[in-house]
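Trainee: I am new to this structure and would like to go through it step by step. Could you show it to me before I ask anything?

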Amino acid sequence: KVAPFRVTFPPKSEEGGQVVAEAYLQPEAGPYPEDKPKMNSVKFTPVQVGAILAGVNEGLTQVVGPPGTGKTDTAVMIVSNIYQN
């Protein structure tokens with residue numbers, strides 16, 4: 001697993017500035033319930049879990065289906081996993 005990193009971009013006013021990537025350790029969550037990361041309350045079907053796994057891997061993933069099949073929940077989980085990890 002690759003450690004998380006933080007990317008810092010130079011201000012737009014600087015020409016020829018460098019993009020800096022540095023290792024980043026997330027702060028430890030405290031002992032209080034509000035410090036714990038939010039967990040998803042949506043129960044996903046096996047097909048949705050497969051779409052989430054495909055969405056966080058390299059390449060393009062297209063989530064399609066009729067209304068009410070959980071496309072938005074699946075897309076939100078993909079984005080959340082990419083952002084959190």
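Trainee: What span should the 14 residues of helix 2 have at 1.5 Å a residue, and how far apart are its end C-alpha atoms?

Mentor: Keep in mind as we go that this is a predicted model. Helix 2 covers residues 71–84, and at 1.5 Å a residue its 14 residues should span 20 Å. The expected span agrees with the model, because the end C-alpha atoms of helix 2 are also separated by 20 Å.

Trainee: Which residues of helix 2 are buried, and where do they lie when seen down the axis of the helix?

Mentor: The buried residues of helix 2 are Thr 74, Met 77 and Ile 78. Seen down the axis of helix 2, these buried residues fall within an arc of 100 degrees, so they line one face of the helix. The face turned away from that buried side carries the exposed residues Thr 72, Val 76, Val 79 and Tyr 83. The buried ones, then, are Thr 74, Met 77 and Ile 78.

Trainee: Is Met 77 buried or exposed, and what is its relative accessible area?

Mentor: A residue counts as buried when its relative accessible area is under 20%. Met 77 is therefore buried, since its relative accessible area is 17%.

Trainee: Which residues is Met 77 in contact with, leaving aside its neighbours within four places in sequence?

Mentor: One of these partners is Asn 40, which is 37 residues apart from Met 77 along the chain, while the C-alpha atoms of the two are separated by 8.3 Å. With the neighbours within four places in sequence left aside, the residues in contact with Met 77 are Asn 40, Phe 44 and Ile 52.

Trainee: Which element do the buried residues of helix 2 pack against?

Mentor: Consider the element at residues 46–56, in which Gln 48, Ala 51, Ile 52 and Gly 55 are buried. Seen down its axis, those buried residues fall within an arc of 100 degrees, so they line one face of the helix. What covers them includes helix 2, and the buried residues of helix 2 in turn pack against helix 1.

Trainee: Which residues make the nonpolar surface patch of about 420 Å²?

Mentor: One member of the patch, Val 19, has its place in the loop between strand 1 (5–8) and strand 2 (20–23). The patch of about 420 Å² is made by Phe 5, Val 7, Phe 9 and Val 19.

Conventions
Residues are numbered from 1 along each chain as its sequence is written. This is a predicted model: local features need pLDDT of at least 70, side-chain atom pairs count only at pLDDT 80 or more; totals for chains, interfaces and linings use all residues. Side-chain values use heavy atoms; hydrogens and water are left out. Patches are made of residues with over 30% relative accessible area and no salt bridge: like charges are joined within 9 Å, nonpolar side chains (Val, Leu, Ile, Met, Phe, Trp, Tyr) within 5 Å. Accessible areas come from the Shrake-Rupley method with a 1.4 Å probe; for residues, only the protein chains shown count as cover. A salt bridge is a side-chain nitrogen of Lys or Arg within 4 Å of a carboxyl oxygen of Asp or Glu. Helices (H or I, at least four residues) and strands (E, at least two) are DSSP runs, numbered from the N terminus. Buried means under 20% relative accessible area, exposed over 50%, partly exposed in between (1.4 Å probe, protein chains only). Contact means heavy atoms within 4.5 Å. The expected span of a helix is 1.5 Å times one less than its number of residues. The arc is that of the directions from the helix axis to the C-beta atoms.
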